[in-house]
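Me: I am new to this structure and should like to understand the terms used to describe it. May I put some questions in turn?

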Amino acid sequence: MGQALGCIQVDQSNVAIKETFGKFDEVLEPGCHCLPWCLGSQVAGHLSLRVQQLDVRCETKTKDNVFVTVVASIQYRAKPESAQDAFYKLSNTRNQIQAYVFDVIRASVPKLDLDSTFEQKNDIAKTVENELEKAMSHYGYEIVQTLIVDIEPDVHVKRAMNEINAASRMREAASEKAEAEKILQIKRAEGEAESKYLSGMGIARQRQAIVDGLRNSVLAFSESVPGTSSKDVMDMVLVTQYFDTLKEIGASSKSNSVFIPHGPGAVRDIATQIRDGLLQGNAAE
């Protein structure tokens with residue numbers, strides 16, 4: 001009904017191109033407009049001013065001869081002040097942008113090896129954006145942003161890269177494990193050395209205490225019982241230790257069988273053997 005009366009509506013974020021007898025007349029802003037069709041006025045078309053996105057997949061080769069697929073995302077929009085150029089100068093805006101993206105990526109990526117391509121993807125995106133901005137500004141379009149969203153190597157190359165990475169990590173893990181075991185062995189050796197040192201100190205103190213106790217016992221017994229000699233006291237001490245040992249062996253449920261002379265006369269033989277061993281040791285020193 002509105003068109004029959006010569007009225008049209010232009011939606012928000014859009015503009016309409018008005019022509020008079022087939023010639024460009026003006027750009028109609030959003031709102032209601034009167035177009036007397038009887039005077040040759042008509043709408044040639046509408047142009048969106050919204051930001052649009054174009055995803056471009058470009059296959060190319062790196063400097064080290066690895067084929068990769070670079071996925072670029074181009075965000076662009078028509079400039080309101082250049083709506084006439086955006087409507088009339090390009091018949092297919094998306095194909096034009098795609099051609100420029102192909103040209104820039106295939107000129108930039110072959111200068112880089114595979115690792116550098118991943119590291120410098122922001123630089124590639126900036127180069128694409130600059131070239132597109134210079135080219136598309138003549139056609140009334142503005143490049144809002146350019147992103148390199150993905151770089152996909154060949155599947156065999158990707159598998160090889162993963163294997164290299166896995167091998168590197170396994171090598172690092174083995175090195176760390178060996179270092180940990182080395183530290184563990186060092187600490188264990190230090191602990192054993194400290195343990196043996198403390199054990200030796202304890203044994204030395206124990207023997208010193210036994211010697212001091214025996215000496216005090218001999219002196220005290222000699223003073224308490226006149227006429228006894230040191231030899232008599234030592235015989236009595238050895239007899240006491242002999243019976244204490246037999247008692248401990250009999251009381252223990254896990255002790256092995258021990259066969260020793262157990263007659264009363266054997267105590268003197270044991271004492272003689274111990275005394276002779278000590279005397280021989282002193283003579284050897």
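Reply: Let us begin with a hairpin: β6 and β7 form one with 5 residues between them, and asparagine 65 in its turn has a positive phi of about 60°. The model is predicted, so local features need pLDDT of at least 70 and side-chain atom pairs count only at pLDDT 80 or more, while totals for chains, interfaces and linings use all residues. Residues are numbered from 1 along each chain as its sequence is written, and side-chain values use heavy atoms, with hydrogens and water left out.

Me: What makes β6 and β7 a pair of strands?

Reply: Strands are DSSP runs of E, at least two residues long, as helices are runs of H or I of at least four, both numbered from the N terminus. Two strands pair if DSSP finds at least two bridges between them. Strand β6 (residues 52–61) and β7 are joined by 10 bridges and run antiparallel, so they satisfy that definition. Within this pairing, leucine 54 stands opposite isoleucine 74.

Me: How do you know that β7 also pairs with β8?

Reply: By the bridge count: 11 bridges join β7 to strand β8 (residues 141–153), and the two run antiparallel. One partnership is that of tyrosine 76 with isoleucine 143 in β8.

Me: Why is strand β7 called mostly covered?

Reply: Buried means under 20% relative accessible area (exposed is over 50%, partly exposed in between; 1.4 Å probe, protein chains only). In β7 (residues 67–78), 10 of the 12 residues are buried.

Me: What makes a set of residues a nonpolar core?

Reply: Its members are buried Ala, Val, Leu, Ile, Met, Phe, Trp, Tyr and Cys residues joined through side-chain atoms within 4.5 Å. The largest such core here has 32 residues, and those with the most contacts inside it include Ile74, Val101 and Val128. The largest share, 6 residues, comes from β7.

Me: Which residues is valine 128 in contact with, leaving aside its neighbours within four places in sequence?

Reply: Contact means heavy atoms within 4.5 Å. On that basis, valine 128 touches Ile74, Val101, Val104, Ile105 and Thr146.

Me: Why is the label "coiled-coil region" attached to residues 157–190?

Reply: The label comes from an unreviewed UniProt entry. Such positions are given in the numbering used here, feature names are shortened, and annotations may be inferred rather than shown by experiment. In the model, residues 157–190 are 100% helix and 0% strand, with end C-alpha atoms 49 Å apart.
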